Amino acid sequence: MKTLVKGGTIVTASDIYGADILVEDGTISLIGKDLDTFVTADTVVDAVGKYVIPGGIDVHTHLDMPFGGTKSADDFESGTIAAAFGGTTSIVDFAIQSFGGSLHTALEQWHKKAEGKAAIDYGFHMIIRELNNQILGEMDELIRREGVTSFKLFMAYPGVFMLSDGDIFRAMQRTSENGGLICMHAENGGVIDVLVEKALAEGRTAPKYHALTRPSKAEGEATRRAIALAEIAGVPVYIVHLSSAHALEQVREARDMGLPAHAETCPQYLFLDYDNYEEDGFEGAKYVMSPPLREKWHQEHLWKGLAGNDLQVISTDHCPFCMKEQKELGKDDFSKIPNGAPGIETRMSLIYDGGVRTGKISLNRFVELTSTNPAKMMGLYPKKGTISVGADGDLVVFDPDATMTLGVKTLHMKVDYNPYEGRQVQGVPTTVLSRGNVIVDKGLFLGKPGDGKYVSRKTYTLV
Ligand code: URP
Ligand code: ZN
Ligand code: ZN
């Protein structure tokens, strides 16, 4: 099967140039001018006047995830189809160890959730909730045999996800031997729980108290501690969903000292802010996520961090819950609102519109932050994350002039609200290819649930 993408401007993390791309049996086999003069393809994609970028890679998603007595609204079918519409062709989702359960059992469960449903390629991180010698041994096996090469640990949610500093340190020591990467949810869970208890005792139950009980300094403190523990263990650390200037300061300081500290941020922290919690009635629940949205002034710091490589990745933390029946669980108590928001479909357009068009980041940096760096950090590069001979034909034809209005009606995520409802963005994926197959074209999904393949990942390349 041959697919020719013709006449576009190829944009990678390092280059911008006009050329055609031939994908043969899923893999890019030729890049050059006027390939149609000597190649016959089964499918020709017209990319004239458009950018052709490597498919977006979202390394932080929660599809079909149980949380707070409910589960995230998108499963692997709806979530990956929405991702494809948004120009994302690979995800790394989080499998979750059950209390008393093994990592292998959790991985099997998540394979079952994805198999036959995923429309784009996918890998898994593993969330570790309990650590003992057996689990430490399983970490090695997951890396060696299963292609799961990163582990998320929590410094928040005591009794649910949080590990002690001792267990975090043990896991880090293990990754210093087995080459895995620790992805850290860095918020001081002990402090937050005390603040939550106090707020509720004082009758402060509205959604905004979710944010007011999770101060950015509790994120800064945990980030500093995570980096210090990683330094003692002699390993890199990757801070997930970094939201604040206080946390960023810790990552920057560490990197300036030459330490392998890494971090991702997410569009919600760049485009939404604390004021959203002040929306009327229960509307603030739409934005209940952890870490919470911060005051607007943090955004400028995050953009500078992205431009200057103190932040290396933009992921989504896609974790959607409907307002009806899900977010509503916390109508009378903000601590019962399921944490998370939708974003898998809007990342590429938001970042292009709000980052590239405004001059905050370059076009190459856009590709680097949304595809190349996530691929490198999560062991997917160079099969994914770039456009080169030998790479998978995961390509997005991106129209820099097209506009769209974000909202429940225009988007495909299975959630009854959108945090960006009514926002107009310029820069839209028009055709999306997964391993050479056109899966989205001009607003239509042409792929098939189940065509997405599990990707066994290698260990990280630091960026
Ligand atoms: O609020 C969030 N972020 N929900 C998903 C779980 C997590 O901590 O990433
Ligand atoms: Zn988290
Ligand atoms: Zn998350």
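# Reading pockets, zinc sites and odd backbone spots

Trainee: Which domains feed the lining of the second largest pocket?

Mentor: Domain 1 (2-53 + 387-400 + 424-445) and domain 2 (55-377) each put at least three residues into that lining. Keep in mind that you're looking at a predicted model.

Trainee: What volume does the second largest pocket have, and which of its lining residues are closest to the centre?

Mentor: Its volume is about 230 Å³. There are 16 lining residues, and Phe 85, Met 404, His 412, Val 428 and Pro 429 are the closest to the centre. Strand S19 (residues 424-434) gives the largest share, 3 residues. Sort the lining of the second largest pocket by class and you get 7 nonpolar, 7 polar and 2 charged residues.

Trainee: And how should I read the largest pocket: what is its volume?

Mentor: About 500 Å³. It has 25 lining residues, with Phe 67, Tyr 157, Val 160, Ser 335 and Asn 339 closest to the centre. Next, ask which elements supply the wall: S9 and helix H5 (189-201) each contribute at least two residues, and the largest share, 4 residues, is from H5. By class, the lining of the largest pocket splits into 13 nonpolar, 8 polar and 4 charged.

Trainee: Now the enclosed spaces. How many cavities of 30 Å³ or more are there?

Mentor: A cavity is a space where the probe fits but cannot get out. Here the count is 4 at 30 Å³ or more. The largest cavity holds about 150 Å³, and among its 17 lining residues His 62, Phe 67, Tyr 157, Asp 317 and Asn 339 sit nearest the centre. Its lining has 9 nonpolar, 6 polar and 2 charged residues.

Trainee: What lines the second largest cavity, and how do the residues divide by class?

Mentor: That cavity has about 50 Å³ of space. Gln 268, Leu 272, Met 289, Thr 316, Ala 341, Pro 342, Gly 343, Pro 419 and Tyr 420 line it, and they divide into 6 nonpolar, 3 polar and no charged residues.

Trainee: Two of those names from the largest cavity, His 62 and Asp 317, caught my eye. Which residues coordinate the zinc ion (ligand 3)?

Mentor: Both of them, along with His 60: the donors are NE2 of His 60, NE2 of His 62 and OD of Asp 317, at 1.9 to 2.1 Å. After the distances, look at the angles. The ideal angle for four tetrahedral donors is 109.5 degrees.

Trainee: What angles do the 4 donor atoms subtend around the zinc ion (ligand 3)?

Mentor: They run from 90 to 128 degrees, so the arrangement counts as tetrahedral. His 62 is in the loop between strand S8 (56-61) and strand S9 (66-67), and Asp 317 is in the loop between strand S17 (313-314) and helix H11 (347-356), so this pair ties together parts 255 residues apart in sequence. His 62 and Asp 317 are both buried. As a sequence pattern, the donor residues read H-x1-H-x254-D.

Trainee: What coordinates the zinc ion (ligand 2)?

Mentor: NZ of Lys 152, ND1 of His 185 and NE2 of His 241, at 2.1 Å. Lys 152, in strand S13 (residues 150-154), and His 185, in strand S14 (residues 181-185), link distant parts of the chain, being 33 residues apart. Both of these residues are buried. The donor spacing is K-x32-H-x55-H, and 4.0 Å separate the zinc ion (ligand 2) from the zinc ion (ligand 3).

Trainee: Last topic: backbone oddities. What is the sign of phi at His 241?

Mentor: Most residues other than glycine have a negative phi, and most peptide bonds are trans. His 241 goes the other way, with a positive phi near 30 degrees. That residue is in the loop between strand S15 (237-239) and helix H8 (245-256), and at 2% relative accessibility it is buried.

Trainee: And Asp 25: buried or exposed?

Mentor: Exposed, with a relative accessible area of 63%. Asp 25 also has a positive phi, about 45 degrees, and lies in the loop between strand S4 (20-24) and strand S5 (27-32).

Trainee: Where is the place of Pro 291?

Mentor: In the loop between helix H9 (267-271) and helix H10 (297-307). The bond joining Ser 290 and Pro 291 is cis, with omega about -5 degrees. Tyr 381 to Pro 382 is cis too, with omega near 5 degrees. Pro 382 is in the loop between helix H12 (363-377) and strand S18 (395-405).

Technical notes
Residues numbered from 1 in each chain as written. Chains lettered and ligands numbered in written order. Predicted model: local features only at pLDDT ≥ 70, side-chain atom pairs only at ≥ 80, totals over all residues. Heavy atoms only, no water. Donors = N, O, S within 2.8 Å, 3.2 Å for Na, K, Ca; no water. Tetrahedral: all angles 85-135°; square planar, octahedral: opposite > 155°, others 65-115°. Buried < 20%, exposed > 50% of the residue type's maximum accessible area, 1.4 Å probe, protein only. 1 Å grid on protein atoms, 1.4 Å probe; cavity = no way out; pocket = protein on both sides within 12 Å on 5 of 7 lines; lining within 4 Å. Points joined across faces, edges and corners; volume = space filled by probe spheres on them. Nonpolar A, V, L, I, M, F, W, Y, C, P; charged D, E, K, R; others polar. Domains from an automatic or database assignment.
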